[in-house]
Amino acid sequence: MPLKRVKTSILPLCAAVVLAGCANTDLPSFKETEQLQLQEDEQRLWNRSKEEQYRLNSSGYLYQNAELTAYVNRVAQNLVPQDLASKGFKVEIKVLKNPQLNAFAYPNGVIYLHTGILAKMENEAQLAALIGHEMTHVTHRHTIENFRGVKNTTAILSAVELATFPLGAYGGLASILGSVGAMAAISGYSQEAEREADREGLLLMINAGYDPHEAPRLFEHLQRDVKEQKKQEPYFFGSHPRLQDRIDNYKRFLADRYADASGMKNSDVFMTRMTPLLLENAALDLAMGRFQSAQSGIETYLQQNRQDAQAYYWLGELYRQRKAQGDLEKAITQYHKAVSYDAQLPEPYKALGLIYYKRHSYAQARTNLEKYIQLAPEAGDRNYMEQYIDIMDSQANGGRP
């Protein structure tokens, strides 16, 4: 959607936020009400959420893996308390192709998880902690409370400004987020709401039988990513309190009430479901120049798939693009390893051909580029590769065509 149209579609809702600033923000959670009955402005917010979700779901950013999507939704359903389910409460999980460590929930129960945060987790218990946190934002109606509060208007408008600026840190995904998604994904909630989501989300995972001690480890993954990328804290937990505070809060809560608690981790089934995602997310990390994160994802993937040619190709690409000392030789090694496992994979031949061409090793360059063209005759860059071959032929003939 063009930038101008996105701005036009979300500004009326922002104006409504300002006008609704004096409305009651002290709403009972859905578990405290007899039925799931929405107030008038809340219903409008749900309708707006559906419009934004349609745009997101049609954007091409959804991660298309039916087995993984079904798996994360099964975990989510296990977290829904029976009393809420009996009232008709539903939650739906969707996965977005984005390497940022983020997740956000719409008020109607649709939760989006980024591939980036899934790729950093180690087990199902950590996934349950994440979903439980986001589910609490839904059940405790944090979105409508945020939209009703005048004190939050500046934060919401700032989120909207970022959401309509497609060159921001969020990449292309930012340009299709509306005001509801931008607030949930970028500006976040109040300190009180985030702490409530931490606390109640922890109880949800405990009641579902998961090991609660895995919850703070989820935040530790985020903290490592912040240090690795040398950036501000991720959008998922970008509001106060900061990451270390969140980790400390979890640990205090666990020490006070659940020091001896244990439960499921389900590491094996989790890794089985997530392994295909690791390589695809590493490619996204690489596209954003997140070399350390990309390398971690590829190497974790290779622990489960030691003969996967595509993984060695991407590792070669990582070394080639990073350009640290010795990286080019490492890249060549990985490209050769890729073709040793799959001689029909075109991309490593092209990469090798171009490297050898720049080194004036024309015989090796020609062999690899011709192999690439043979394996990928419909490639969009075929003409360019043929031009390289023509140049080498001309040089071999003393400059004559």
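**A three-stranded sheet, the helix packed on it, and the salt bridges**

Within the sheet of this predicted model, Phe-104 has Tyr-112 of strand E3 as its bridge partner. A second pairing places Ala-105 opposite Ile-111, again in E3. These pairings belong to strand E2 and strand E3 (residues 110–114), which run antiparallel and are joined by three bridges. The two strands make a hairpin, with four residues between them. In the turn of this hairpin sits Gly-109, whose phi is positive, at about 95°.

It helps to step back and look at the whole sheet. Three strands build an open sheet with mixed pairing, and their order is E1-E3-E2. Strand E1 (92–96) and strand E2 (103–105) are the edge strands, each pairing on one side only. From one strand to the next, the twist averages 20°. On the E1 side, the partnership with E3 is parallel and holds five bridges. There, Glu-92 stands opposite Val-110 of E3.

How many of the residues of E3 are buried? The count is five of five, which leaves the strand mostly covered. In a regular strand, side chains alternate between the two faces of the sheet. For E3, one side carries Val-110, Tyr-112 and His-114, while Ile-111 and Leu-113 lie on the other. Every one of these residues is buried, and both faces of the strand are covered.

The next element to follow is helix H6, which packs on the sheet and touches E1, E2 and E3. The direction of H6 makes about 140° with that of E3. Helix H6 spans residues 124–139, a run of 16 residues. From the first C-alpha of H6 to the last is 22 Å, close to the 22 Å expected at 1.5 Å a residue. Is this helix largely enclosed or largely open to its surroundings? Because 16 of its 16 residues are buried, H6 is largely enclosed by the rest of the structure.

Both ends of H6 reward a closer look. At the N-terminal end, Asn-123 acts as a cap, with a side-chain oxygen 3.2 Å from the backbone nitrogen of Ala-125. After the helix comes Arg-141, which has a positive phi, near 55°. Arg-141 belongs to the loop between H6 and helix H7 (142–148). With a relative accessible area of 5%, Arg-141 is buried, because the cut-off for that class is under 20%. The side chain of Arg-141 makes a polar contact of 2.7 Å with the side chain of Glu-42. Beyond its neighbours within four places in sequence, Arg-141 is in contact with several other residues, including Leu-27, Pro-28, Phe-30, Gln-37 and Thr-136.

Charged side chains also meet elsewhere, and the structure holds 19 salt bridges. One of them leads back to the sheet: Lys-94 and Glu-92 meet through their side chains at 3.2 Å, N to O. The two partners fall into separate classes of exposure. Lys-94 is buried, at 17% relative accessible area, whereas Glu-92 is partly exposed, at 36%.

Two further salt bridges are found within helices. In helix H15 (residues 309–322), Glu-317 and Arg-320 sit three residues apart, about one turn of the helix. Their side chains form a salt bridge of 2.9 Å, N to O. Glu-317 is buried, with a relative accessibility of 7%, while Arg-320 is partly exposed, at 33%. In helix H18 (residues 362–375), the partners are Arg-366 and Glu-370, four residues apart and again about one turn of the helix. Their side chains meet at 2.8 Å, N to O. Arg-366 is partly exposed, with 28% relative accessibility, and Glu-370 is also partly exposed, at 35%.

Why can side chains with these spacings find each other? An α-helix has 3.6 residues a turn, so residues three or four places apart point the same way.

Salt bridges can also join up into a network. Which residues are linked in this way? Lys-31, Arg-199 and Glu-200 are connected in a network of salt bridges.

Technical notes
Residues numbered from 1 in each chain as written. Predicted model: local features only at pLDDT ≥ 70, side-chain atom pairs only at ≥ 80, totals over all residues. Heavy atoms only, no water. Expected span 1.5 Å × (residues − 1). Buried < 20%, exposed > 50% of the residue type's maximum accessible area, 1.4 Å probe, protein only. Polar contact = N/O pair within 3.5 Å; in protein donor to acceptor, adjacent residues only side chain to side chain. Salt bridge = Lys/Arg side-chain N within 4 Å of Asp/Glu carboxyl O. Contact = heavy atoms within 4.5 Å. Pairing = 2+ DSSP bridges. Axes fitted to C-alpha atoms, helices over the stretch in contact; angles between N-to-C directions.
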